[in-house]
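Here is a friendly note to read alongside the structure. Take the points one at a time and find each residue in the viewer as you go.

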Amino acid sequence: MILLAALLLFLPASPAGAFLFWGGPRYGKAEAELAAMRKAGARGDCSAVLGMADGFLALTPPPKLREEAYVYIGRCYEREGAADKAITLYKLAGELYPANVIFSARLAQIYDQAGFYQNAVPLFLKVLAAEPGDVEANLGAARAYSALGFLGRADDFYSRTVALQDFSDTAVLEEYARCMLRKRDWKQALFLAGKGEARRPRSPVWPLLEARAAAGKGDYSGAVSLMEKAEALSPSRKLRLERALYLLLGGRPRRAIEAADRELAADPSDPLASVVKAMALYNLGERAGAERYFKAALAGGPFTARLAAAFLPGPSRKEAGCAK
């Protein structure tokens, strides 16, 4: 007993020391506060959760109770749009409870959504080291790597994600397929579009993606047919003009002109239709006629304007640089 009394004299007078002997009425009160916070969180009442947070933490509860509370408080900060407070809390909680990867997972999602992909990646990898089958972390890592331009790494994590989902999430399948188009992996893009079409057969997205993959492989006839299928499912000027572009790339400039003319009849100022017709005329050697349509296309968006300017004399290139 004398030895125990002597040891107690050297224990720090801090909350950390107090945790060793935490109990009695204060513990019961903290447990009751946490139970109320848990119920409020379950029903999505973040005002109640955040209203109880300061009082609960003022009780200097033991680590286990505080750990759970940090989860509810952090999620409510996120829902209330207080990302800076959520980041601060998750960083603190991650240091205090390194074995609990939920704090790293939430912090990674915030960084990913805010565009801080380089910060998000190591956090997603930390989560996956502990839980390889975490769908959200695999998808988050895929998106972060894709945004950073590491398409091979993105492919790895998208592949794990769709396998874990049994190819059931068509939005993720579309996202993955578009990433594979950027990677120029035409075979994988076609495979994913096929999986998506099996799940949602009436969507024009799948033949559109298949058309772009076919065009990437140099199969412009196949791309034209697939664009016709997409356009039949969802009539669209943009789809029709993309089809016209594949006609041109496939060596059928006169049919491309016919397609562009139909759109110009409906809207003579259509810059995309103008640039398609201009390129088709240029391909046929009709340079004077093409110039007129290239100039009309300068009024389009940056891509269309730059494309048109590339075929025009120097002064027009300056105009394209100012196009919005």
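1. Let's begin with Lys-295, which sits in helix H18, residues 287–297. Is Lys-295 buried, partly exposed or exposed? Its relative accessible area is 45%, so Lys-295 counts as partly exposed, a class that runs from 20% to 50%. Now look for Val-275: it lies 20 residues from Lys-295 along the chain, and the two C-alpha atoms are separated by 8.7 Å. Please keep in mind that you are looking at a predicted model.

2. Stepping back to the whole chain, you can count 20 helices and zero strands. Of the 324 residues in the chain, 43% are buried. What about contacts between parts of the chain that are apart in sequence? Taking contacts between residues at least 6 apart in sequence, 45% of them join residues at least 24 apart.

3. Next, find the largest nonpolar core, which has 64 residues. Which members touch the most other members of this core? They are Met-37 and Ile-73. Among the elements that supply residues, H5 gives the most, with eight. A second core of 34 residues lies apart from this one, and its members include Ala-215, Ala-259, Ala-297 and Leu-312. As background, nonpolar side chains tend to be buried together in soluble globular proteins.

4. Met-37 deserves a closer look. Leaving aside residues up to four places away in sequence, Met-37 touches Val-49, Met-52, Ala-53, Phe-56, Ala-69, Tyr-72 and Ile-73. Ala-69 also turns up in another pairing: Ala-35 and Ala-69 are 34 residues apart in sequence, while their C-alpha atoms are 9.5 Å apart in space. Ala-35 belongs to helix H3, residues 24–42. With a relative accessible area of 26%, Ala-35 is partly exposed.

5. How do H5 and H7 sit against each other? The axes of helix H5 (residues 63–79) and helix H7 (residues 102–114) come within 11 Å and cross at roughly 10°. Angles under 35 degrees count as roughly parallel, and therefore H5 is roughly parallel to H7. On the H5 side, the contact is made by Glu-67, Tyr-70, Val-71, Arg-75 and Glu-78, and on the H7 side by Ile-102, Phe-103, Arg-106 and Ile-110. Sorted by class, this contact has five nonpolar residues, four charged residues and no polar ones.

6. Two residues are worth checking for their backbone angles. As a reminder, most residues other than glycine have a negative phi. Thr-60 is not a glycine, yet its phi is positive, at about 45°. You will find Thr-60 in the loop between helix H4 (46–58) and H5, and it is partly exposed, with a relative accessible area of 23%. Arg-184 is not a glycine either, and its phi is about 65°. Arg-184 lies in the loop between helix H11 (170–183) and helix H12 (186–199). Here the relative accessible area is 58%, which makes Arg-184 exposed.

7. Helix H11 makes a nice check on helix geometry. Its 14 residues should span 20 Å at 1.5 Å a residue, and the end C-alpha atoms are 20 Å apart, which agrees. The buried residues in H11 are Thr-170, Val-172, Leu-173, Glu-174, Tyr-176, Ala-177, Cys-179, Met-180 and Leu-181. What do these buried residues pack against? They pack against helix H9 (135–148), helix H10 (151–164), H12 and H13.

8. One residue of helix H9 to visit is Ser-146. Ser-146 has a relative accessibility of 8%, so it counts as buried. Beyond residues up to four places away in sequence, Ser-146 touches Leu-151, Ala-154, Tyr-158, Cys-179 and Arg-182.

9. Finish with helix H13, residues 205–216. The 12 residues of H13 should span 16 Å, and its end C-alpha atoms are 17 Å apart, which agrees. Why can H13 be called largely enclosed by the rest of the structure? Because 10 of its 12 residues are buried; among them are Trp-206, Leu-209 and Glu-210. The cover over the buried residues of H13 includes H11, H12, helix H14 (220–233) and helix H15 (237–249). After H13 comes Gly-218, with a positive phi near 90°.

Technical notes. Residues numbered from 1 in each chain as written. Predicted model: local features only at pLDDT ≥ 70, side-chain atom pairs only at ≥ 80, totals over all residues. Heavy atoms only, no water. Axes fitted to C-alpha atoms, helices over the stretch in contact; angles between N-to-C directions. Helix = DSSP H or I, 4+ residues; strand = E, 2+ residues; numbered from the N terminus. Parallel < 35°, antiparallel > 145°, perpendicular 65-115°, else oblique. Contact = heavy atoms within 4.5 Å. Nonpolar A, V, L, I, M, F, W, Y, C, P; charged D, E, K, R; others polar. Core = buried A, V, L, I, M, F, W, Y, C linked by side-chain atoms within 4.5 Å. Buried < 20%, exposed > 50% of the residue type's maximum accessible area, 1.4 Å probe, protein only. Expected span 1.5 Å × (residues − 1).
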